Amino acid sequence: MSKKTGLVLEGGAMRGMFTAGVIDVLMENGVDFPAMVGVSAGAAFGCNYKSRQPGRVIRYNKRFCQDKRYCSIQSLLKTGDLYGAEFCYRTIPEELDVFDKKTFEENPMAFYVVCTNVFTGDPVYQRVDQADENGYLWMRASASMPMVSRPVEVDGYTLLDGGMSDSIPLRFMQHKGFEKNVVVLTRPRKYIKKPNNPALMKTMLRKHPEMARVMADRHKMYAFQREYVFACERMGNTLVLCPDKPLGISRTEHDPDKLQAAYDEGVKIATRELQKIKEFLQS
């Protein structure tokens with residue numbers, strides 16, 4: 001495999017179950033990458049690739065998807081976070097479904113996360129090598145959805161969801177020198193993102209006008225990035241894995257069967273394309 005081959009994981013909240021299915025197949029078949037970048041759920045779930053824990057993402061999400069401490073209006077009202085920060089980033093990885101910190105830190109794979117600077121609207125990229133409180137803060141920031149999450153303070157930044165400013169960070173990986181990349185998308189190839197309501201964004205994010213601006217224009221950025229990804233695929237330096245059809249799952253899905261179905265779609269696609277992936281990486 002080329003030392004300059006990267007893995008790019010899009011976000012999408014619980015559509016990330018598709019990504020979990022893909023990376024589990026890759027792990028179970030010994031497919032590795034020297035570097036990976038994850039956005040939002042791509043970061044929060046993708047870290048399990050570096051810790052080499054296939055099955056963990058679907059396991060704990062099915063177990064806790066109906067737990068009010070995990071994701072609920074009650075959590076939002078009580079803590080300011082729809083996805084409970086203490087439960088998701090401390091109780092689960094430290095106690096209930098333990099994250100393999102040792103393997104994560106010893107794995108030489110470079111793991112980058114993407115966040116958005118609340119005050120400028122610009123993307124912030126961070127390499128995470130340690131599964132400590134600071135590392136968890138960066139992963140949490142990447143997955144903190146605007147309007148239903150508190151901004152995360154870490155290393156002098158105030159951050160929210162990376163998907164707002166760089167949904168598919170293929171260019172980032174290319175600028176890092178990774179000439180070939182596998183990109184995992186959580187929407188089908190023909191998906192077209194609808195615009196957000198600018199007035200609503202301005203009202204909901206009145207304390208953070210740059211975030212409101214970014215969200216109002218996000219559909220344009222997302223369309224441009226998808227066009228770029230597929231152009232790179234046609235050039236032969238990028239391999240895209242995505243669902244064949246819409247996953248039929250909400251961003252905050254509480255039905256374990258729907259989570260399993262999205263995960264199974266990822267397993268199906270990765271298994272079907274496994275030989276193609278290996279050939280792409282070895283060429």
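V113 touches G38, A43, V124, Y125, Q126, V128, W138, M139 and S142, once its neighbours within four places in sequence are left aside. The model is predicted, and V113 is a good place to enter it. This valine sits in strand β3, residues 110-117. Its relative accessibility is 0%, so V113 counts as buried. A link across the sequence also shows here. V113 and A44 lie 69 residues apart along the chain, yet their C-alpha atoms are separated by 8.9 Å.

Several partners of V113 lead on to a helix. W138, M139 and S142 are among its contacts, and these three are also among the buried residues of α7. The others buried in that helix are G135, Y136, R140 and A141. Helix α7 covers residues 133-142, and 7 of its 10 residues are buried, so the rest of the structure largely encloses it.

Another partner, A43, leads to α2. A43 is in contact with V113 and is one of the buried residues of α2. This helix is mostly covered, with 10 of its 10 residues buried. The list runs through A41, G42, A43, A44, F45, G46, C47, N48, Y49 and K50. It includes glycine, asparagine and lysine along with nonpolar side chains.

The backbone on both sides of α2 deserves a look. S40 lies in the loop between β2 (35-39) and α2 (41-50). Its phi is positive, about 55 degrees, although S40 is not a glycine. S40 counts as buried because its relative accessibility is 5%. Just after α2, R52 also takes a positive phi of about 55 degrees. A further case is D155, a residue other than glycine with phi near 50 degrees. D155 belongs to the loop between β5 (152-154) and β6 (157-161). Its setting is partly exposed, because its relative accessibility is 48%.

Back in α2, Y49 opens the way to the main core. Beyond its neighbours within four places in sequence, Y49 is in contact with L7, I23, L26, M27, V31, D32, F33, M36, N107 and M109. The largest nonpolar core has 66 residues. Inside this core, M17, F33, Y49 and Y70 have the most contacts. Helix α1, residues 16-28, gives the most to this core, with 8 residues. A second, separate core holds 20 residues, including F172, L185, Y222 and F230.

Helix α1 also brings distant parts of the sequence together. V22 is placed in this helix. At 0% relative accessibility, V22 counts as buried. V22 and G266 are 244 residues apart in sequence, but 4.7 Å apart in space, C-alpha to C-alpha. With neighbours within four places left aside, V22 is in contact with V184, L241, G266, V267 and A270.

Next comes α3, residues 56-64. Its buried residues are R56, V57, I58, Y60, N61 and F64. Their cover includes α1, α2, α5 (85-96) and α12 (256-272). The stretch given for α12 takes in G266, V267 and A270, the three that also appear among the contacts of V22.

Now step back to the whole chain. The protein chain has 13 helices and 8 strands. For 283 residues, a compact globule would have a radius of gyration near 19 Å, and the 17 Å of this chain agrees with that. Along its principal axes, the C-alpha trace spans about 50 × 40 × 35 Å. Buried residues make up 57% of the 283 residues.

The pairing of V22 with G266, 244 residues apart in sequence, can be set beside the contacts of the whole chain. Among contacts between residues at least 6 apart in sequence, 75% join residues at least 24 apart.

The surface and the charges complete the picture. The chain exposes about 12,600 Å², and carbon and sulfur atoms supply 52% of that area. There are 41 positive and 34 negative charges, and their mean positions are 5 Å apart.

Note on methods. Residues numbered from 1 in each chain as written. Predicted model: local features only at pLDDT ≥ 70, side-chain atom pairs only at ≥ 80, totals over all residues. Heavy atoms only, no water. Helix = DSSP H or I, 4+ residues; strand = E, 2+ residues; numbered from the N terminus. Rg over C-alpha atoms; globule rule 2.2 N^0.38 Å. Buried < 20%, exposed > 50% of the residue type's maximum accessible area, 1.4 Å probe, protein only. Contact = heavy atoms within 4.5 Å. Areas by Shrake-Rupley, 256 points an atom, 1.4 Å probe, with all protein chains shown as cover. Lys, Arg positive; Asp, Glu negative; His and termini not counted. Charge placed at Lys NZ, Arg CZ, Asp CG, Glu CD. Core = buried A, V, L, I, M, F, W, Y, C linked by side-chain atoms within 4.5 Å.
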